[in-house]
Amino acid sequence: MRNKREVPQSIRKKVTRVGARIAELRLAKGLTQEKLAYGVGIAKSYLGYIEKGKSNPTIETLYLIADGLDCDIDTFFD
């Protein structure tokens, strides 16, 4: 039986790709982590964890970030 907190490698890779895509879009818009995080109402450190693939954000958080980046949520999954 797998440990309850163990995340399959395939899921980890997807989370990492989504985070990298968020960072890419943020930088393309000329935003700092601090500006984007403040604008969407999350902690800068949390955004950093998301971008590094160290945190698994909720769909709600992804929608907030997408709104802050003025894009659709599917853009994160391209």
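Buried means under 20% relative accessible area, so Thr75, at 18%, counts as buried. With that cut-off in hand, here are legends for several close-up views of this predicted model.

**Figure 1. Confidence across the predicted model.**
Before zooming in, it helps to know how far the predictor trusts its own coordinates. The mean pLDDT of the protein is 91, and 94% of its residues reach 70 or more. Helix H2, residues 33-40, has the highest confidence, at 98, while H1 has the lowest, at a mean of 89. As a general reminder, where pLDDT is low, the predicted coordinates should not be read in detail.

**Figure 2. A salt bridge within helix H1.**
This view shows Glu24 and Arg21, whose side chains meet in a salt bridge at 2.7 Å, N to O. Both residues belong to helix H1, which covers residues 9-28. They sit three residues apart, about one turn of the helix. How exposed or buried is each partner? Glu24 is partly exposed, with a relative accessible area of 47%, whereas Arg21 is buried, at 18%. Side chains of opposite charge can pair when their charged atoms come close.

**Figure 3. A salt bridge between helices H1 and H3.**
Here the side chains of Arg26 and Glu51 meet in a salt bridge, again with an N to O distance of 2.7 Å. This pair links distant parts of the chain, with Arg26 in helix H1 and Glu51 in helix H3, residues 44-52. Along the sequence, Arg26 and Glu51 are 25 residues apart. Arg26 counts as buried because its relative accessibility is 8%, and Glu51 counts as buried at 10%. If you are keeping a tally, the count of salt bridges comes to two.

**Figure 4. The largest pocket and its lining.**
Which residues would you look for around the largest pocket? Its lining is made up of Val7, Ile11, Arg12, Val15, Gly53, Lys54, Ser55 and Asn56. Sorted by character, these lining residues divide into three nonpolar, three polar and two charged. The pocket has a volume of about 150 Å³.

**Figure 5. Thr61 and Leu62 in helix H4.**
Two neighbours in the sequence share this close-up. Thr61 lies in helix H4 and is buried, with a relative accessible area of 10%. The side chain of Thr61 is joined to that of Thr58 by a polar contact of 3.0 Å. Leu62 is also found in helix H4. With a relative accessible area of 5%, Leu62 is buried. To place Leu62 against another part of the chain, follow its C-alpha atom to that of Ile50: the two are separated by 9.7 Å, and the residues are 12 apart along the chain.

**Figure 6. Asp70 and Thr75 in the segment after helix H4.**
Helix H4 spans 59-68, and Asp70 is found in the segment that follows. What is notable about the phi of Asp70? Its phi is near 55°, a positive value in a residue other than glycine. Asp70 is exposed, with a relative accessible area of 67%. Thr75 lies in the segment after H4 as well, but it counts as buried, at 18% relative accessibility. A polar atom of the Thr75 side chain lies 2.9 Å from the backbone oxygen of Asp72.

**Figure 7. Two pairs that are distant in sequence.**
This last view follows helix H1 and the later part of the chain. Phe77 is found in the segment after H4 and counts as exposed, at 51% relative accessibility. How far is the C-alpha atom of Phe77 from that of Gly19? The two atoms are separated by 9.8 Å, although the residues are 58 apart along the chain. In the other pair, Ala28 lies in helix H1 and counts as exposed because its relative accessibility is 68%. Ala28 and Leu69 are 41 residues apart in sequence, yet their C-alpha atoms are 9.7 Å apart in space.

Conventions:
Residues numbered from 1 in each chain as written. Predicted model: local features only at pLDDT ≥ 70, side-chain atom pairs only at ≥ 80, totals over all residues. Heavy atoms only, no water. 1 Å grid on protein atoms, 1.4 Å probe; cavity = no way out; pocket = protein on both sides within 12 Å on 5 of 7 lines; lining within 4 Å. Points joined across faces, edges and corners; volume = space filled by probe spheres on them. Nonpolar A, V, L, I, M, F, W, Y, C, P; charged D, E, K, R; others polar. Salt bridge = Lys/Arg side-chain N within 4 Å of Asp/Glu carboxyl O. Helix = DSSP H or I, 4+ residues; strand = E, 2+ residues; numbered from the N terminus. Buried < 20%, exposed > 50% of the residue type's maximum accessible area, 1.4 Å probe, protein only. pLDDT = per-residue confidence, 0-100. Polar contact = N/O pair within 3.5 Å; in protein donor to acceptor, adjacent residues only side chain to side chain.
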